[in-house]
Amino acid sequence: MDVAALRQSWAQFSAAGPEAAKYFYATLFVLAPEARSMFPTNMSYQEDKLLAALGHIVSHVDDERELTAFAQRLGADHRRFRGTDRQGREVPLGEWHYVWVGQALLATLERFLGPRWTPQLRAQWAAAYEAVTRLMLTGAAQAERTSPPYWEAEVLAVQRRRADVCVFTVRPNYLCEFLPGQSLPVQVPQLRLWRYLSPANAPRPDGTIEFHVRAAGRFSTHLVRRLRVGDRVLLGSPLGAALSSYDRAPESPLLLVAGGTGLAPLRAVVEALRQGQGRMVTLVVGAKTPDDLYDDRAIRELASGWPAGGWLRYVPTVESGWQWSGAVGRAVDTALRLGPWRDTDVLVCGNPRMTRDTVGALLASGVPAERILAESYDHSLYPPLAGGVADAARDFTGSGAR
Ligand code: HEM
């Protein structure tokens with residue numbers, strides 16, 4: 001495979017920006033009208049994802065391990081997207097779906113690369129796409145042996161903690177295994193939209209999962225305003241390795257910095273640690289006002305009865321609060337006052353801006369980048385923005401699980 005030619009043409013192609021994504025989907029839907037119903041009517045959320053993933057693939061095309069892991073995981077995850085045949089019956093994604101996507105991709109590259117699109121380059125791209133398709137299909141076939149394409153879950157409880165925040169609990173039909181700190185794609189069948197949410201609890205013996213949502217867009221507003229006990233939601237396979245690495249140095253203290261409903265994955269981590277050997281954990285939760293600390297009571301309960309040899313120091317902090325006697329300021333400023341944290345693993349989760357600012361302030365205070373594990377709850381990108389600080393410091397865009 002001519003890796004340099006693929007990379008160079010990808011760089012030239014990427015300069016076309018969103019126009020290329022629009023052209024790609026328009027071509028796909030002309031080639032295969034059956035594919036249209038698989039995608040949401042409003043494509044603005046999806047448009048750049050497939051091409052962004054292809055960018056990730058191209059940049060790792062000579063790293064067989066990373067490429068295989070990424071493509072197989074993506075293929076396994078694609079089992080939750082069902083296609084329809086010409087009679088309108090639901091069918092799993094098959095080889096012919098990949099043929100359509102491949103044709104649309106090659107046509108799009110041709111359109112945007114113009115005279116640079118040579119028969120040799122076409123052959124390189126066709127071979128690379130074929131290899132990725134194989135990996136995705138293998139990933140799907142392997143996953144079929146261990147997990148369902150998605151879980152159906154019943155809503156057991158819904159609590160509106162504030163006008164724009166709800167906490168709800170679901171019970172999946174089969175045990176859905178996840179690691180504290182990971183996210184799951186969630187779909188409300190009425191909307192047919194998938195968005196990522198993080199379980200707020202450590203895995204429980206009864207399999208139930210709690211989610212926290214703040215209304216920010218169509219999906220989250222639907223959950224906050226309309227979700228009812230007895231409703232059905234679908235869950236996809238868990239994803240995300242940043243926050244779930246919280247246990248990589250189990251003997252050392254841990255700092256957790258949460259903003260808004262970014263608290264959810266960090267609460268899952270706290271619950272998991274509480275079941276463990278005992279560890280020194282500081283949890284700083286930031287909010288605008290005391291009223292925004294929507295999970296205060298649950299965290300206080302968690303803080304009691306910490307295992308011997310450790311403790312949970314819970315520090316809620318608000319930007320302004322009438323008659324508030326606790327910490328005031330941004331979560332990161334409060335956290336830094338409690339430091340130093342140079343030898344501590346730090347987990348950060350909040351909205352994109354909070355995450356970026358928190359990571360920046362931690363770095364500026366001398367916390368080494370490799371100590372920081374950050375994830376933003378902007379789950380509109382795939383894979384979710386997570387990982388070491390190099391990822392976290394990237395320019396976050398968008399806002400929340402819209
Ligand atoms: C190399 C091949 C492909 C790549 C790299 C790719 C990549 C992606 C990515 C990254 C996402 C977003 C996932 C998420 O948000 O969780 C996605 C979603 C999706 N993909 Fe693919 N995909 C490929 C092939 C296909 C094929 C062959 C089909 C079927 C025609 C397909 C149908 C879909 C659908 C229906 C969605 C969800 C759209 C939505 O509800 O927002 N993909 N794909």
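Donors, as I use the word here, are N, O and S atoms within 2.8 Å of the metal (3.2 Å for Na, K and Ca), and water is not among the atoms, so sites may look incomplete. With that fixed, I looked up the iron atom of the ligand: its only protein donor is H78, through NE2, at 2.1 Å.

Ground rules before going on. This is a predicted model, where local features need pLDDT of at least 70 and side-chain atom pairs count only at pLDDT 80 or more, while totals for chains, interfaces and linings use all residues. Residues are numbered from 1 along each chain as its sequence is written, and side-chain values use heavy atoms, with hydrogens and water left out.

**Ligand shell.** I pulled the residues around the ligand, taking a residue as near if one of its heavy atoms lies within 4 Å. There are 21 of them, and the closest are K49, H78, R80, F81 and Y196. I sorted the shell by type: 15 nonpolar, three polar and three charged. My bins were Ala, Val, Leu, Ile, Met, Phe, Trp, Tyr, Cys and Pro as nonpolar, Asp, Glu, Lys and Arg as charged, and the others, Gly among them, as polar.

**Polar contacts.** I looked for pairs of N or O atoms within 3.5 Å. Y196 has a side-chain N or O atom 2.4 Å from a ligand oxygen. For R80, a polar side-chain atom sits 2.8 Å from an oxygen atom of the ligand. H78 places a polar side-chain atom 2.9 Å from a ligand nitrogen. Two or more shell residues each come from α3 (47-59), α4 (64-77), α5 (95-113) and α6 (119-144). H78 itself is in the loop between α4 and β1 (83-84). Helices (H or I, at least four residues) and strands (E, at least two) are DSSP runs, numbered from the N terminus.

**Helix packing.** I used axes fitted to C-alpha atoms, for helices over the stretch in contact, with angles from 0 to 180 degrees between N-to-C directions. α5 and α6 pack at about 150 degrees, axes 10 Å apart. That makes α5 roughly antiparallel to α6; the cut-offs are under 35 degrees for roughly parallel, over 145 for roughly antiparallel, 65 to 115 for roughly perpendicular, and oblique for the rest. The axes of α2 (residues 18-31) and α5 come within 9 Å and cross at roughly 135 degrees. That makes α2 oblique to α5.

**Backbone oddments.** I found a cis peptide bond from G339 to P340, omega near 10 degrees. P340 is in the loop between α10 (331-337) and β13 (345-350). R192, not a glycine, has a positive phi near 55 degrees, and R192 belongs to the loop between β5 (184-188) and β6 (193-197).

Conventions. Polar contact = N/O pair within 3.5 Å; in protein donor to acceptor, adjacent residues only side chain to side chain.
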